[in-house]
Amino acid sequence: MKKIDIHCHVVAFPQYMAKRPDGNHFLTVEEQLSVHERVNVEKGVLLPVVAPEAFHTLMTNQEAKMVADKYPDRFTWFCNVDPRMASYSEKTDLSWFLNQYKEMGAQGLGELTTPLDADSPMMDNLFTHCEACSLPVLFHIAPQHGGAYGIVDELGLPRLERMVKKHHDLKFIGHSTAFWSELSEGCTQETRNTYPKGKVVEGRLPKLLREYGNLYCDLSAGSGSNAMMRDPEYAAKFMEEFSDRIFYGIDSCTYDRDTFPYTFDAWLTKMVEDKMLSQETYEKIIRKNAEKILGI
């Protein structure tokens, strides 16, 4: 079964792209397609990046739409709206913009990386309008203001919980080291933006998932893959219990350096081969859950 990748970033015009000092940059379309071929992905979800704190190169809604139109069999797209846009106000009618993108084919909003408190008035306003427009939100959690990117929350994700509880008809798709660190107890302010190792002792995230059916998980990047691979026995239980709310993703930002997509893909396949993960759950995670949320 071919996969759907819930988390892709690309540059549509690499000839105009500035690289970071370490050489990192978003993948070109051709590079992303090459990664997809290696791990048997049929279609990827393009996620624009519009907040400059997240990356030195932004990916606009127009670029995502253009690439998806050029490769309709290989990509679909989410739009992205910064909650500060248009007037820097918690009263801005963001539905005006969201509905236009939805009419163009956008199937969600993300990756949301604006460095505001997760329950701040402007963030609350964005969630209100995404809920009204029936657009799921894929977000990145930051552990603090400054030195990181993403919507900001404390240990235990109390601000996210307020929003998930308030906007019960909105699908929230979580991602990042600070999000996945909450899988296990023992998470601290010093470790929550790292890749924790060792056995999982059930933490805050599984409890939130049990309480709120509109909270979902994105397995992409080193954060998602590490969260599962650190403790295969617990990962199997976690994926089986929340099999309807977990999405396969890649989120590779460096074509010739990122090896985690291939390591994690092989690990996930072996989990099925070793009978630790059911075929039904595997198929939900790599494709069927995405089909439902994307309506394909």
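So, how many nonpolar, polar and charged residues does the lining of the largest cavity have? Four nonpolar, five polar and one charged. Keep that in mind while I walk you through the empty space in this one, and remember that we're looking at a predicted model.

Okay, cavities. The structure holds two of 30 Å³ or more. The largest has a volume of about 50 Å³, and its lining includes T177, W180, Y195, N226 and R230. Helices α6 (177–180) and α8 each put in at least two residues, with α8 giving the largest share, three residues.

Then there's the second largest cavity, with about 40 Å³ of space. Among the residues around that one are L219, A221, Y248, I250 and F264. Here α8 and α10 (260–273) each supply at least two lining residues, and α10 has the largest share, three. By class, the second largest cavity has seven nonpolar, three polar and no charged residues in its lining.

Now the open space. The largest pocket comes out at about 520 Å³, and 29 residues line it. Nearest its centre you'll find H140, Y149, A221, D251 and C253. The elements that give two or more residues to that lining are β7 (137–142) and α8 (221–229). If you're thinking about chemistry, the pocket lining splits into 13 nonpolar, 12 polar and four charged residues.

You'll have heard A221 twice there: A221 lines the second largest cavity, and A221 is also one of the residues nearest the centre of the largest pocket. A221 sits in helix α8, and at 11% relative accessibility it counts as buried, because the cut-off for that is under 20%. What's the phi of A221? Near 70°, so to speak a positive value in a residue other than glycine. For background, most residues other than glycine have a negative phi, and most peptide bonds are trans.

N40 has a positive phi too, near 65°. That residue is in the loop between α1 (29–38) and β4 (41–46), and N40 is partly exposed, with a relative accessible area of 31%.

On to peptide bonds: the one from G110 to E111 is cis, with omega near 5°. E111 lies in strand β6, residues 109–112.

Last stop, K91. Is K91 buried or exposed? Exposed, at 73% relative accessibility. You'll find K91 in the loop between β5 (75–77) and α3 (95–104). From K91 to C187 is 96 residues in sequence and 36 Å in space, C-alpha to C-alpha.

Notes: Residues numbered from 1 in each chain as written. Predicted model: local features only at pLDDT ≥ 70, side-chain atom pairs only at ≥ 80, totals over all residues. Heavy atoms only, no water. Helix = DSSP H or I, 4+ residues; strand = E, 2+ residues; numbered from the N terminus. Buried < 20%, exposed > 50% of the residue type's maximum accessible area, 1.4 Å probe, protein only. 1 Å grid on protein atoms, 1.4 Å probe; cavity = no way out; pocket = protein on both sides within 12 Å on 5 of 7 lines; lining within 4 Å. Points joined across faces, edges and corners; volume = space filled by probe spheres on them. Nonpolar A, V, L, I, M, F, W, Y, C, P; charged D, E, K, R; others polar.
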